[in-house]
Amino acid sequence: MVNTKIIDGKAIAERIRNEIRDEMDRLPASIKPLKLVAVQAGDDSASSIYTRQQEKLCEKNGIMYELKKFGPDISAERLAGEIEKLNLDDGVTAVILQMPLPAGMDPLALQSAINPLKDAEGVHPANMGRVIYGKPCLAPCTVLAVMEIIYSTGVALEGREVVVVGHSGIVGKPAALLLLDRLATVTVCHVGTSMAGMLESHVRRADILVVAAGKAGLVPGDWVKEGAVVVDVGINRQGDRIVGDVGFETASKRAAYITPVPGGVGPVTTAMLLKNVVEAAKWKIKV
Ligand code: NAD
């Protein structure tokens, strides 16, 4: 049996926040104070919980925070106009567009309205494009969290078999690209892989397994290779419990390192949002 280490996402997040505060102290006064503005259209309850979390997090870490909330009947044109005002406002370091948007609005079109250098979540097509070139400016927070978690294990990526389950634009694909840039051999699995009955054979080969499908129990623990690193991005509600995509109980007896859900990727992703705000501030003086 392997001596498994459960990765403490909260501790990694705490370390990152400390690094961010130190970095903020060193920033020139001309780009301070840092300010994150969230734009919310409508009143989705999960989105409102998230904005309150952002506010607390920013307050605790010396970043100003403002929520610009609009009704669900705001037009896409007006919302884009409001985003443009924030792009032009020198006092705004970074912008986050809350999801979901009111029905009928195209998220990508509105995310594209954010200045890529103020794109707190790293979702602008220009930022996604830079990920392809291995020169991210502001990359998606969850993907940055996945990389940070893998680095925290000290396990080398070069030449290793990495399997990413999930190929979404926001998690699976950019994660695969950043992992490729660390010279890992990357296989991306998705719903088609399962339909072909091939998911198990790919997962069993993984030295490093990243699962981001949003399907509880998709990867049974006994598929995990002994000594693997397992990063479970999935968030699934089961009654009053939150679980990941990987069968944790069995997987945690086989993996060398594994993230729990909750308490793994989630807190690190939130810390990466703050890191992106600091990165956005630095871009102000780089360009
Ligand atoms: P998505 O729905 O956009 O994509 C899901 C992916 O999983 C797709 O590529 C799909 O092909 C794949 N998939 C679905 N069913 C599958 C199956 N049976 N077999 C193989 N692949 C399958 O989801 P997303 O936005 O990428 O998010 C994925 C999960 O990660 C969700 O649970 C989400 O809540 C979670 N998430 C967590 C964080 C965090 O900070 N922890 C951040 C973002 C997303």
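Me: Before the pocket linings, which residues count as nonpolar, charged or polar?
Reply: Ala, Val, Leu, Ile, Met, Phe, Trp, Tyr, Cys and Pro count as nonpolar, Asp, Glu, Lys and Arg as charged, and the others, Gly among them, as polar. This is a predicted model, where local features need pLDDT of at least 70 and side-chain atom pairs pLDDT 80 or more, while totals for chains, interfaces and linings use all residues. Numbering runs from 1 along each chain as its sequence is written, and side-chain values use heavy atoms, without hydrogens and water.
Me: What is the class split in the lining of the largest pocket?
Reply: That lining has 24 nonpolar, 13 polar and seven charged residues. A pocket here is an open set of points on a 1 Å grid over the protein atoms alone, where a 1.4 Å probe fits, with protein on both sides within 12 Å along at least five of seven lines; lining residues have an atom within 4 Å of a point.
Me: Which residues are nearest its centre?
Reply: Y50, Q53, I235, T269 and T270, out of 44 lining residues.
Me: Which helix gives the most?
Reply: α2, with eight residues. Helices are DSSP runs of H or I, at least four residues, numbered from the N terminus.
Me: Why does the largest pocket lie between the domains?
Reply: Because domain 1 (29-115) and domain 2 (140-266) both give residues to its lining. The bounds come from an automatic or database domain assignment.
Me: And the second largest pocket, which residues are nearest the centre there?
Reply: P136, L144, M147, Y151 and L178, with 16 residues in the lining. α6 and α11 are the elements that give two or more residues to this lining.
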